[in-house]
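Reader: Please take me through one part of this model in detail. I would like the strand pairing first, then the helix and the cysteines.

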Amino acid sequence: MAESTVEPRPIKRLNETLINRIAAGEIIHRPASALKELIENCLDAGSTSIKITVKDGGLKLLQIQDNGHGIRKADLPILAERFTTSKLSSFSDLSRIATYGFRGEALASMSHVAKLSVTTKTKKDGHAWKATYSDGMLVPAKPGQTADPKPSAGNDGTIITIEDLFYNTPTRLSALRSSSEEYARILDVVTKYAIHNSKVSFQCKKAGSASPEVTTPPNATIPQAIKLLYGHTIANELLHVVAGPSATTSEVEPDDSMDVDEDEDDGPSAEDNVKSGPWKAEVHFTNANYQAKKTNFLLFINHRLVESSRMKRAVEAVYVSILPKGASPFIYLSLHVHPKNLDVNIHPTKREVHFLDEDTITDRICSAMQATLAKQATSRTFETQTLLTKHLNPISTPRILSSAKGKERATDADGDEEMNEDVQETQVTQASTSKQKVYPHYKVRTNLADRTLDSMFPVANPSQLGVGGGGGGGGAQMQKTRSQPQAQAQTQSQSSSEVTGGSEGKRTREIKESECYLTSVKSLRKDVGKAKHRQLTEIFEKHTFVGIVDLEKCLSIIQHSTNLYVVNHASVAEELFYQLGLRQFGDMSRLKLEPPPQLRELLEIAVDAEDTSSTKLSKDRIVEAYSHETVSTQKIHDLLVTRREMLTEYFSFDISEDGRVLSLPLLLRDYIPNLDNLPSFLMRLGPQVNWTSETECFETFLRELAYFYAPLTFPSDTPDTSVADNDEGKGKDADQDKANAAEKWQIQHVLFPAMRRYLVPPKSLVDKDVVQVASLPDLYKVFERC
């Protein structure tokens, strides 16, 4: 075998600058880790006020100002050198360390990866001193100046400014995410230290912002700080317990006097730790009434913010039998351990520590929390929740059957529905696969023919059902009266199925997606798919229309599985029409206007009208949209006429050369929008549509078109009492009733079937436009308690 000819590489000593830059990367991971080190320095200096200013997530600027004891001028030359500190003199001092910092690496690391400047003043100095550092050494602030610290104006305390973080390490800079995410991490660090150091005033804001995102007053208590920073929802459900090696005390009700150790927020103190014994823990945690999606665990050991996955899992286990699956608590834990039992020098960033008897201490803390939660369980409160998830059937029944009109509707245990043509075959499968009883509260009933309300009330004498003492004839009359609206509804349903393509009757042609090669339109269509809400999509695809609750408030009720939902049909329809317009872009049908009205006249009607709830756009708003120029109907008229070719090609919106509106885009067959809102729609196309950007132009135009199509109903004016009783007043009421009936029919038989077929509901509808109001299994649970 031939011998290798490769010579071994020589071993060289690394350059000092390279060594320091590598070491800096272990300590300063991101702007939040740099801020953590700076905040701890401020607290070591005895500060009672800390102000933080951030720009671009701390990458461009990260400045912190405190009112501590400052830094002596004689110490400034070596301030940013590695392993220079005032908090440690020998290795044995680690066993009684009572400060945050002790290695003297934080400022040195920052000077190697950023531009560092320090302005400081002690109480004895007559003025402040400003020094600039690079790679751990003093450097001139400007070319031509000396590197020595320069006199400067300033108050007692220190201002540390970090600019262009990671400017010389592009790999680390590119690995960081957006500036907004980095700023969120900074706010998280500030919030946690503000909770633990409630006696200190904190303030954090973006550069150039007038108001800070985080601000706390001085001399507050921990519960007050939690309420201010995390909200009253958590603060109202807080429990408090103090645990130690011998005694445990707890307080169920949140109180401003919860702080047992008055000196604990003034900074670390070795003497306090010795007096309190080997260890002492104070916990503020939420009770069973509070539920969050993610555990919020704040852990401070000897006043140092640290992480411990073992302790986090232990305290989360306390809530396993208390909170429902998927719910998590809020826990703030401050643990004091004797310094001789604690090792803080195990991680470059000091975010992890080791201490003796960790398992025993954790068990005692969890036992104290569990005991306090058990006492509070007697006063637990329950609140209703709005859920869009389906209630799973606890019985392992493969199918739940309900026959109607010769077809079988099978419902799986998870709520999915399908239609089976062969009833007998499905029933045989049901009998062979499951012998367990199907409980009534898990049956899905969507057909009124399955069971009527009359069948639920036993009647001894059938003649009592008669009207006006008609006996059995009255019962027949009542049956006849009840069958007439059903026949009308069936007739309407059959006629509407031809329009909307329902499951029964003749289907119309499907609204196919038009072919479009514009990048802007493709992007808008892709955005619709990205915003899709899976569970809400299933609800609309398989819903059953129940009825309209309030026409003026645009509220309807639909059923899905065993749940009832209140739907704002105007908001949902607006989203539907936007998607239909985007789906048919460039290939829309036309709604011709005969005779075609003048565009200028319609605009004058809209602009001269008073600001109403239907338009929500006054003259002042129009003026503002046109940069406070003199606005006339002529300006909006010319704007639309000059773009009429584009409107015709893309939206089938025809305007003649002489300014007549020939046709409007027809988004849905057999659905005619309220043409009373046409002047408002035309007027809004001026200021509300962004005509300068292609993507925004298409999106804003379609949004305005969808708003015009939405079935918004507004309260009519109070009728005149002078004509309320004559024939004219009665005629107006009759016309209004007919209009309302027609609109209700259109909503039920045109809109909701179209939603079932074409709507891709976004997540935004979940917040307030679709609300669950009833669940059959939950209702059964309520009645079982009665």
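Author: Leu-591 has Leu-664 of β26 as its bridge partner. This is a predicted model. The two strands around that bridge are β24 and β26, and β26 covers residues 661-666. They run antiparallel and share four bridges.

The pair belongs to an open sheet of three strands. Its order is β24-β26-β25, and the pairing is antiparallel. β24 (589-592) and β25 (654-655) are the edge strands. Each of these two pairs on one side only.

Now the helix. α15 takes in residues 569-583, a run of 15 residues. Its end C-alpha atoms lie 20 Å apart. The expected span is 21 Å, because each residue contributes 1.5 Å and the count of steps is one less than the number of residues. The two values agree.

Most of α15 is covered: twelve of its 15 residues are buried. Near the start of the list come His-569, Ala-570, Val-572 and Ala-573, all of them buried. Glu-575, Leu-576, Phe-577 and Tyr-578 are buried too. So are Gln-579, Leu-580, Gly-581 and Leu-582.

Last, the cysteines. Cys-516 has 12% relative accessibility, and Cys-554 has a relative accessible area of 6%. Cys-516 counts as buried because its value is under 20%. Cys-554 is buried by that cut-off as well. A disulfide is a covalent bond between the sulfur atoms of two cysteines. The search of the whole structure finds zero disulfides.

Notes: Residues are numbered from 1 along each chain as its sequence is written. This is a predicted model: local features need pLDDT of at least 70, side-chain atom pairs count only at pLDDT 80 or more; totals for chains, interfaces and linings use all residues. Side-chain values use heavy atoms; hydrogens and water are left out. Buried means under 20% relative accessible area, exposed over 50%, partly exposed in between (1.4 Å probe, protein chains only). A disulfide is a pair of cysteine sulfur atoms within 2.5 Å. Two strands pair if DSSP finds at least two bridges between them.
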